[in-house]
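Welcome! Take a moment to look over the sequence and the 3D structure, and then we can walk through them together.

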Amino acid sequence: MKKYTFVKGLEGSCDLLGERTAIIGFSSSKTQELERLLLVPHEYGFTPKNVSLGTTEEVIKDIQSVLAGEPREFMQTALWNGCFYLWHSGICPHIPAGIDKAKELFSSGVVAAKLRELIPVPCHLLRVLHRQ
């Protein structure tokens, strides 16, 4: 049996939002029924707020700061999403461990290195990624 995860994200995305309870449906190998999971960000120490997107240049800088492991507002969104997927995929035993692991992966440069491995990165982003 295949396993599925459905996240009610922003405009059809799979992102967990910071300003509301995350609604997640997932299948398990035990039953063919979807199980429902509700996750409240502030119960895990996250501020219930979505980061506003600015201009393209500002968004690029925000993404670069996350990849560089910098503790900015955009990082909270990355950690909230990262901790869920690390826990849900079985890499971490619980969400608090997922938070710690996500912080480690961003601050150590592992996420940026994986990005470089998976996709070609434009030259203007390489400068930021190579600083790590």
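## Getting started

One definition will help throughout: a residue is called buried when its relative accessible area is under 20%, exposed when that area is over 50%, and partly exposed in between. Glutamate 117 shows how this works: its relative accessible area is 58%, so this residue is exposed. Please keep in mind that what you see is a predicted model.

## The overall layout

Let us begin with the secondary structure. The protein has five helices and three strands. Reading from the N terminus, you meet the elements in the order β-β-β-α-α-α-α-α. The protein has 132 residues, and 35% of them are buried.

## Pockets and a cavity

Next, the spaces in the protein. The largest pocket holds about 820 Å³ of space. Its lining is made of 27 residues, and Asp15, Phe74, Thr77, Ala78 and Asn81 are the ones closest to its centre. Helices take part in this lining: α1 (56–67), α2 (73–88), α3 (95–107) and α4 (110–118) are the elements that each give two or more residues to it. Which element provides the largest share of the lining of the largest pocket? That is α2, with seven residues.

There is also one cavity of 30 Å³ or more. The space in the largest cavity comes to about 40 Å³. Around the largest cavity you will find Val7, Lys8, Asp15, Leu16, Leu17, Arg20, Thr21, Ala22 and Ile23 as lining residues. Asp15 is thus worth finding in your view, as it is listed in the lining of the largest cavity and also among the residues closest to the centre of the largest pocket.

## Three salt bridges

How many salt bridges are there? The count comes to three. Two of them link residues within a single helix. In helix α3, glutamate 104 and lysine 101 lie three residues apart, about one turn of the helix, and their side chains meet in a salt bridge with an N to O distance of 3.5 Å. Glutamate 104 has a relative accessible area of 42%, so it is partly exposed; lysine 101, with 28%, is partly exposed as well.

Helix α4 holds another such pair. Lysine 114 and glutamate 117 lie three residues apart in this helix, about one turn, and the closest N and O atoms of their salt bridge are 3.1 Å apart. Here lysine 114 counts as partly exposed because its relative accessibility is 40%, while glutamate 117 is exposed at 58%. The remaining salt bridge joins the side chains of glutamate 70 and arginine 72, again at 3.1 Å from N to O. Glutamate 70 is partly exposed at 24% relative accessibility, and arginine 72 is partly exposed with a relative accessible area of 46%.

## Two cysteines without a bond

A disulfide is a covalent bond between the sulfur atoms of two cysteines. This structure holds zero disulfides. Why is cysteine 83 not bonded to cysteine 92? The sulfur of cysteine 92 is the closest cysteine sulfur to that of cysteine 83, but it lies 8.8 Å away, which is too far for a bond. For a disulfide, the two sulfur atoms would have to be within 2.5 Å. Cysteine 92 is likewise in no disulfide, with the sulfur of cysteine 83 as its nearest cysteine sulfur.

Are these cysteines buried or exposed? Cysteine 83 has 0% relative accessibility, so it counts as buried. Cysteine 92 has 7% and therefore counts as buried too.

## A surface patch and a loop

Now for the surface. Tyr4, Phe6 and Leu34 form a nonpolar patch there, and together they have about 330 Å² of accessible area. Phenylalanine 6 sits in strand β1, which covers residues 5–7. With a relative accessible area of 47%, phenylalanine 6 is partly exposed.

Finally, have a look at threonine 47, in the loop between β3 (35–39) and α1. Threonine 47 is exposed, because its relative accessible area is 55%. How far apart in space are threonine 47 and glutamine 76? From C-alpha to C-alpha the distance is 8.0 Å, although the two are 29 residues apart in sequence.

Note on methods: Residues are numbered from 1 along each chain as its sequence is written. This is a predicted model: local features need pLDDT of at least 70, side-chain atom pairs count only at pLDDT 80 or more; totals for chains, interfaces and linings use all residues. Side-chain values use heavy atoms; hydrogens and water are left out. Buried means under 20% relative accessible area, exposed over 50%, partly exposed in between (1.4 Å probe, protein chains only). Patches are made of residues with over 30% relative accessible area and no salt bridge: like charges are joined within 9 Å, nonpolar side chains (Val, Leu, Ile, Met, Phe, Trp, Tyr) within 5 Å. Accessible areas come from the Shrake-Rupley method with a 1.4 Å probe; for residues, only the protein chains shown count as cover. A salt bridge is a side-chain nitrogen of Lys or Arg within 4 Å of a carboxyl oxygen of Asp or Glu. Helices (H or I, at least four residues) and strands (E, at least two) are DSSP runs, numbered from the N terminus. On a 1 Å grid over the protein atoms alone, a cavity is a set of points where a 1.4 Å probe fits but cannot get out, and a pocket is an open set with protein on both sides within 12 Å along at least five of seven lines; lining residues have an atom within 4 Å of a point. Grid points are joined across faces, edges and corners, and a volume is the space filled by probe spheres set on the points.
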